Amino acid sequence: MDLRLIFLGPPGVGKGTQAKRLAADKGIPHISTGDILRTEVEAHSELGNRAKQYMDDGKLVPDDLVVDMVAKRLVQPDCNRGYLLDGFPRNTAQAAALEGKLAQSANQTDKVLYFSAPDEILIKRLSGRRVCPACGANYHLETMPPKTPGVCDKCGTELIQRPDDSPQTIKNRLEVYKAQTHQLTQQYASAELLVNVDSTGTVDEIADAVARCLEL
Ligand code: AP5
C-alpha cells in the first residue's frame, strides 16, 4: 500500500520515536529534516555550516535550504511507494512548497498526524532525552533508559544530550513551534487530512493509536 504521511507536532512530543517505528514496519523511508540537518552539521558541509547556528538557537533553518533538501530527497527512487515526513513542513511557506512539489508529481499526502501533549510533558521528554551519536538510537533517562547507563544498547557508543535540548533552547523551540508551526494544524484540518493523536500515553499506546487512525 502506498502511504504518504506527514507527522506534525511540537518538539519532544515523540514524533521521531513513532516515525521510526511505523516507517520500519511499513517499509517506507522516514524523512526527518532534523536528522538530515544534524548529519550535515556533523559533516561540516556547506548546508550544515549554514544551518548550525539556527539549530543551536532553536530557530527554524531558512526555508530555501530546507525545501531544497527535502525536494532532493523526495525524488529518490525509494520514495516512489510512499514516505513519512517528520518535522517538515514547519511553516506555511514550507507547506506551500510541498504542495507545489506534490501537485507536480501527482503524489498526494494521504494523512497528517498531529501529535499533541501538554508543555510539561514535552519539557520532561526533551530534557531527559539521550541519543547515540553513532547509530541515532534514542533513549530517555526515565522512560526508556539504556541497559547500561550512558551507553547505547545497540552499538556500545557513549550517549550524548542533543545541544538543542538545553533548557533555554527547549524554551525557544516551543515558542517557535507555537508561532510558526502550530497554525498548520488548521490548514490540514480544512483540507480534511488532519488526524489528532493524543500523545500523553506510553510509546506502545501511541503506536496503537497511530495504527488505528491509519486503519493498519
Ligand atoms: P527536529 O529534530 O525535527 O526536532 P523537533 O521537531 O524539535 O522534534 P524532536 O526531535 O525534538 O522531538 P520528537 O517529537 O521527534 O520526539 P522524540 O521521538 O525524539 O528539529 C531540530 C532542529 O532542526 C529545529 O529546531 C530546526 O532548527 C531544524 N529543523 C528541522 N526541521 C526543520 C524544518 N522543516 N524547517 C526549518 N528548520 C528545521 O522523543 C523525545 C524524547 O521523549 C525521547 O527521549 C524519547 O525517548 C521520549 N519519548 C518519546 N515518546 C515517549 C512516550 N510516549 N512516553 C515517554 N517518553 C517518550
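**Cysteines, cores and a ligand site in a predicted model**

The structure, which is a predicted model, holds zero disulfides.

Biologist: How do you know that Cys 132 is in no disulfide?

Modeller: The nearest cysteine sulfur to that of Cys 132 belongs to Cys 155 and is 3.5 Å away, whereas a disulfide requires two cysteine sulfur atoms within 2.5 Å; Cys 132 therefore does not meet the cut-off.

Biologist: Why is Cys 132 called buried?

Modeller: Cys 132 has a relative accessibility of 3%, and buried means under 20%, so Cys 132 counts as buried. The label fits Cys 79 because its relative accessible area is 1%, again under 20%.

Biologist: What makes a group of residues a nonpolar core, and which residues touch the most other members in the largest one?

Modeller: The members must be buried residues of the nonpolar set, which here also takes in Tyr and Cys, joined through side-chain atoms within 4.5 Å. The largest such core has 25 residues, and those touching the most other members are Leu 37, Val 61, Leu 74, Tyr 83, Leu 85, Leu 98 and Tyr 188. Among the elements that each supply at least two residues of this core are β1 (3-8), β3 (82-86) and α8 (184-190), while α4 gives the most, with five residues. Apart from this core lies another, of 23 residues, among them Ala 19, Leu 113, Phe 115 and Val 195. In soluble globular proteins, nonpolar side chains tend to be buried together.

Biologist: Which residues does Leu 85 touch, leaving aside those up to four places away in sequence?

Modeller: Leu 85 touches Leu 5, Ile 6, Phe 7, Ile 31, Val 70, Leu 74 and Leu 98.

Biologist: What makes β4 and β7 a pair?

Modeller: Strand β4 (residues 111-116) and β7 are joined in the parallel sense over five bridges, and pairing needs at least two, so the two strands qualify. One bridge partner in β7 is Asp 198, which is matched with Ser 116. Strand β7 (residues 194-198) has a covered face, made of Val 195 and Val 197, and an uncovered face, made of Leu 194, Asn 196 and Asp 198.

Biologist: How do you know that Gly 87 makes a polar contact with the ligand?

Modeller: A polar backbone atom of Gly 87 lies 2.9 Å from a nitrogen atom of the ligand, and the cut-off is an N or O pair within 3.5 Å, so the pair counts as a polar contact. A polar backbone atom of Val 13 is 3.3 Å from a ligand oxygen atom. Altogether 36 residues surround the ligand, the closest being Thr 17, Lys 59, Arg 90, Arg 129 and Arg 173.

Conventions
Residues numbered from 1 in each chain as written. Predicted model: local features only at pLDDT ≥ 70, side-chain atom pairs only at ≥ 80, totals over all residues. Heavy atoms only, no water. Buried < 20%, exposed > 50% of the residue type's maximum accessible area, 1.4 Å probe, protein only. Helix = DSSP H or I, 4+ residues; strand = E, 2+ residues; numbered from the N terminus. Contact = heavy atoms within 4.5 Å. Near = heavy atom within 4 Å. Polar contact = N/O pair within 3.5 Å; in protein donor to acceptor, adjacent residues only side chain to side chain.
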